[in-house]
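Let's take a walk through this protein together, starting from one side chain and working outwards. Keep the viewer open as you read.

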Amino acid sequence: MNDIAEGAIIYTAERACNSCRVQKRKCDKLLPSCSLCSSRLWKCDYLLEVHRKSRTPRSAHEQQPQHPVKVVHRQTSSILTANIVNNPGTASESWISSIDFPAVFFLDPYIFQNHQVQVPRANLVSPKFYSCFLGNGTAVHAHVSLYFNSIHKWMPIISMERFYTYLEKPLSELPADVAFLLLCMKMITWAPSTPSEDPRTEIYFAAKQCFANLETAGVLSIRGLEAGFLISIYEMGHAIYPSAFLTIGACARYGYALGLGHSGATKICRPFSRDELKENTRLWWAIILLDRFISLECPDQSLAIEDPENHNTIPLYDDSHKTAVVNSLGHASQLRRDCGCFVLVVEATKLLGQVHRHLSNRHSTQFEREGAEEGAQLERTLDSLINASEAEAQKWGVSISDQITICYSATFALYKLYGPLRHDHDGSPGMDIKAVWDKVVSNCKIILSNQDFCLQSVSPLLLHGIYATATNFIDIDHSTEQKTALEEKQILTSTLQLLGQRWKLARTYLELLEAREMIN
């Protein structure tokens, strides 16, 4: 991971250096010293013969190369430089070294627990990691501040107070998993500057490779899982598929390996404080949410995480006073706000999982007998949660638009199966889907009319409900309500165009709407 300026001439050897050949490592063949040898201050040479350590060294005269090493030079470009930075053969060796992870954790948990086997912490990263990806301490603090003032507002999975304690130390003393999380916090705040800009940026590729590097280095930690979750959010928000689907599945397995999800599971490291326990619980619920949300339109795909246990702890608040100050609320208001907001996320996630299971069973024989009744009950429960949440939000004067959209998306998924305004078996009307459409349109009007609306803080979870509402306006028959439908559809598409400046998924939804119109 050398710092190579664009347009510079790079000299390389025809073959790997002796050190890389002996240790069977991939060598980038740079001259006068390859990246691996440079980062570890090893002597790097390209002799024509390689001598194993067990053999007697040759004389100084014999060790001189008999023929000059052929040198290849080439002109670099910005693309080439990015490829060198993210070269899989060098990054895994140059910025993090492996730890001796105890295999007994997976092979015999009984011994792991009773012998109190300790799992080593992640090693430090190379200073080159910061110079290539993050910058100096001032730049890192700026990235972290932007993250907590945007992403954290709708997905508070990282404790602000606990995380800032890491930044009290010099960057050179941060372990690899924390450095990786810093990289992902910077990545997820990225927004496209032009409609055609590719979200698969150099930072994104580096983050993906870092996720793999941590695994091969034997690092298994909550910070690593938080970083992986941010990658999956980024991929979903910018419509990077199938990566979004696969990454959240990897996060689920990662969480299970850490002992999350089951109260009796063996844990690598138990939480030392109540705040740490709450942070872990929030993270696990966030992964459950994204697992269900990404699969909502494809209910036949199996979920990566089974339904949580009923007695699973639900976190109530986060970060106490410091977050309260950031959000310009008093401490007591902050507690009330979080009690309503994240508990709403958890309850909506539970219902989202029930809806997914209900839709995935639609081809079964039991569904033919009991499906309609179960669907009606799900509709009533969603309707009750929406109404109760909106009443609480109005009572305390807080915004829950990012959280309530999960309920909207679950409602639209049921609507696709059952159609509009159906009646339950007892003759009572089902949920009025038009009332949910009206709420989505009303939220879009607020976004478009608010001159102070912060695009950086918008959640990608908001986009599905807007798209689902717009598709229904496209499908409306030509009637006396056509003019109103067209006006509301324009509001929805204008909102997607605006939000496309933050998340590429919004632009993808606009393309899908055009495709639907062509079909109709």
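**Starting from one phenylalanine**

Beyond its neighbours within four places in sequence, phenylalanine 163 is in contact with Val144, Phe148, Ile158, Val178, Leu181, Leu182 and Met185. Bear in mind as you look that this is a predicted model.

Now zoom out a little. Phe163 belongs to the largest nonpolar core, a set of 136 residues, and together with Phe229 it has the most contacts inside that core. Helix H11, covering residues 176-188, gives the largest share of this core, with 11 residues. A separate core of 10 residues lies apart from it, including Ala13, Ala16, Cys20 and Leu36.

Phe229 leads us to a pair of helices. It is one of the H13 residues that meet H15, along with others including Ile222, Leu225, Ile233 and Met236. On the H15 side, the partners include Leu283, Ala286, Ile287, Leu290 and Phe293. Polar residues take part too: among them are Arg223 and Glu226 from H13, and Glu279 and Asn280 from H15.

How do these two helices sit against each other? H13 (residues 222-237) and H15 (residues 274-294) pack with their axes 11 Å apart, at an angle of about 30°. Angles under 35 degrees count as roughly parallel, so H13 is roughly parallel to H15. The crossing of H13 past H15 is left-handed.

Finally, step back to the whole chain. Its secondary structure comprises 23 helices and 2 strands. Of its 520 residues, 49% count as buried. Among contacts between residues at least 6 apart in sequence, 72% link residues at least 24 apart. The chain exposes about 25700 Å², and carbon and sulfur atoms supply 53% of that area.

Definitions and conventions:
Residues numbered from 1 in each chain as written. Predicted model: local features only at pLDDT ≥ 70, side-chain atom pairs only at ≥ 80, totals over all residues. Heavy atoms only, no water. Core = buried A, V, L, I, M, F, W, Y, C linked by side-chain atoms within 4.5 Å. Buried < 20%, exposed > 50% of the residue type's maximum accessible area, 1.4 Å probe, protein only. Helix = DSSP H or I, 4+ residues; strand = E, 2+ residues; numbered from the N terminus. Contact = heavy atoms within 4.5 Å. Areas by Shrake-Rupley, 256 points an atom, 1.4 Å probe, with all protein chains shown as cover. Axes fitted to C-alpha atoms, helices over the stretch in contact; angles between N-to-C directions. Parallel < 35°, antiparallel > 145°, perpendicular 65-115°, else oblique. Left-handed = near helix turned anticlockwise from the far one by under 90°.
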